[in-house]
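Let's take a walk through a protein model together. Keep the picture handy and follow along as we go.

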Amino acid sequence: MPASTRHHRALAVFVHCLGILAAVPALPAAAPEAAAAPRPPAVTPQPSAATARPAAATPPPVAVAARAPSATTPPTPPSAPPAVAPPPRTPASTPAPPVTVAVAPESSPAPRYRIHVRNVGNSPVDTTVRQELPPGSSATSITAGGRSTRAGGSTAEVTWRLRLPAHSTTTLGTALTATAPGQALTAPACAFTSDGSRPYDCATATWQGAATPAAEVTEAPPWRRIPVLLAGGAVLLLIVAGLALVWRRRRGRRVTAAALAADGGPDGGRGTIYPRPAAPSPAGRRRTPPVWLLVGAAVVVLAGVLGAAGWTATRRVAAIDTQKQPTSGAWMGTGVSGPLGVPLRESAFEFTVYGMSCGAAGAARPADGGAAPAAGRRCQATVGVRNLTGDHQPWHGQLQRAYLPGGRWVSADESATRAANLGRDVFADPVAAGSRVVLPLVFTVDGRDPPRQLELRSGVFSAGVRVDMP
């Protein structure tokens, strides 16, 4: 047998063996019990022999019945559970508040507001109405026995203690001092329980003063703009350089023509019957513009380009607002900021902060879940949340933050917030589509300074809103 044929056969046998080894794992594996236990012999009905054999020699029928399926049928792996999505959480049904509030500004030279408090229940209700005053303003007129106080020593508020009959409406009024001519003032109002711990309902309104005509800002004429001046100077310089080059070329041609006309030739101007031998003409030197002109033009053009680029970059950098939240990348929506009492919208929710009050360090407030830590105090914010989408939207307490002086922040105290809401976890259930809830959020802060800003958001990737606290 030739050597090449032997090599081919050996290679074919080797490849065939590899194929067999690769196919072995794909075969169905038998159960260990079935492989270890021998198959029981087939039993034929023999009456005489069955009665003659002793009972101990007969195999137990239970064992035979248990082993027979395992020997003949391969075991089937357990089926995976059906891919069924967990049922969505439904928002808890909250009863309608017995007291509703509506605030409306009056058309007057000074800021004035009307507060309508209505009892929609069938029994009288004791309530406390509070109206937060804008920073820098004070109350000049208060109706229905209200009084002006300080909320936490930082902002002023007007407080009324009322007893509302069933199905009645009470109208309250306040007049404030204007902080600046033409400045809009927002004054939210809330109706609380008799102890002032839990809000029934809140509303807000913004008084718009007479607008002061603003000075019209007109753009500078084109001939006074820096980029236009630089571009015009560069173009003018190039035109002057081109005219100078053309003039020098024409002058050189005229001088050469005049020199040739003055020269009569070697024969004194007399002709000859023999043609003159062709003499090679000297190679003319190509005239180029002077170096100073090229360098000057390049410098002017470069200065114009750099000046225009610097001016454009300066305007764009000056237009950047460093206080804004990121609005692209991982963030959804546009981050907005605003004062107290102004509705602020983000991707899913509309947040309105109506007020905040902070207790003393270590003070015990049963509504907030007991005493605060010795080194801190609890601040309760009254927040309105409106779901702007058509679906139920969850939100989380760890995403609601209160920013302290120095850039430090704390998340909402979920246990204290649950206690302030009578044991109901407001973050456990989503907010129903198109609904609005008013609830207290509690933050446990350290130090004497109250929070300077609240950050509220519906989700992890939402840009959220920021509310500046007075």
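**Rings, charges and strands**

Search this whole structure, a predicted model, for aromatic pairs and you get four of them. One to look up is F349 with W395, an edge-to-face pair whose centres sit 6.4 Å apart, with 85 degrees between the planes. These two come from distant parts of the chain, 46 residues apart: F349 belongs to strand β14 (residues 349-358), while W395 is in the loop between β17 (376-387) and β18 (401-403). Both F349 and W395 are buried. They also have company, since ring pairs join F349, F351, W395 and F427 into a cluster.

Rings turn up next to charges, too. R401 lies over the face of W409, 3.8 Å from the ring centre. Likewise, R466 lies over the face of Y403, this time at 4.6 Å from the ring centre.

Now for the salt bridges. Side chains of opposite charge can pair when their charged atoms come close. Here the count comes to 11 salt bridges. Take D126 and R163, whose closest N and O atoms are 2.8 Å apart. This pair links strand β3 (residues 125-132), home of D126, to strand β6 (residues 155-164), home of R163, across 37 residues of chain. Are the two partners buried or exposed? D126 is partly exposed, because its relative accessible area is 35%, and R163 counts as exposed because its relative accessibility is 55%.

Next, find D413 and R378, which meet in a salt bridge at 3.8 Å, N to O. D413 lies in the loop between β19 (409-411) and α7 (414-420) and R378 lies in strand β17, so this pair ties together parts that are 35 residues apart in sequence. D413 has 18% relative accessibility, so this residue counts as buried; R378, at 12%, counts as buried as well. E455 and R457 form another salt bridge, with their closest N and O atoms 3.1 Å apart, and both of these residues are buried. There is a network to spot as well: salt bridges link E106, R112 and R114.

R112 takes us on to a sheet. Strands of a sheet pair through backbone hydrogen bonds, either parallel or antiparallel. This one is an open sheet of four strands in the order β1-β2-β7-β4, with antiparallel pairing. At the edges are β1 (99-105) and β4 (139-142), each pairing on one side only. On average, neighbouring strands of this sheet are turned by 20 degrees against each other, direction ignored. Further in, β2 (residues 112-119) and β7 (residues 168-176) pair in the antiparallel sense over eight bridges, and R112 has A175 in β7 as its bridge partner.

Key
Residues numbered from 1 in each chain as written. Predicted model: local features only at pLDDT ≥ 70, side-chain atom pairs only at ≥ 80, totals over all residues. Heavy atoms only, no water. Pairing = 2+ DSSP bridges. Axes fitted to C-alpha atoms, helices over the stretch in contact; angles between N-to-C directions. Phe/Tyr/Trp six-rings, centres within 6.5 Å; stacked < 30°, edge-to-face > 60°. Buried < 20%, exposed > 50% of the residue type's maximum accessible area, 1.4 Å probe, protein only. Lys NZ or Arg CZ within 6 Å of the ring centre and 35° of its normal. Salt bridge = Lys/Arg side-chain N within 4 Å of Asp/Glu carboxyl O.
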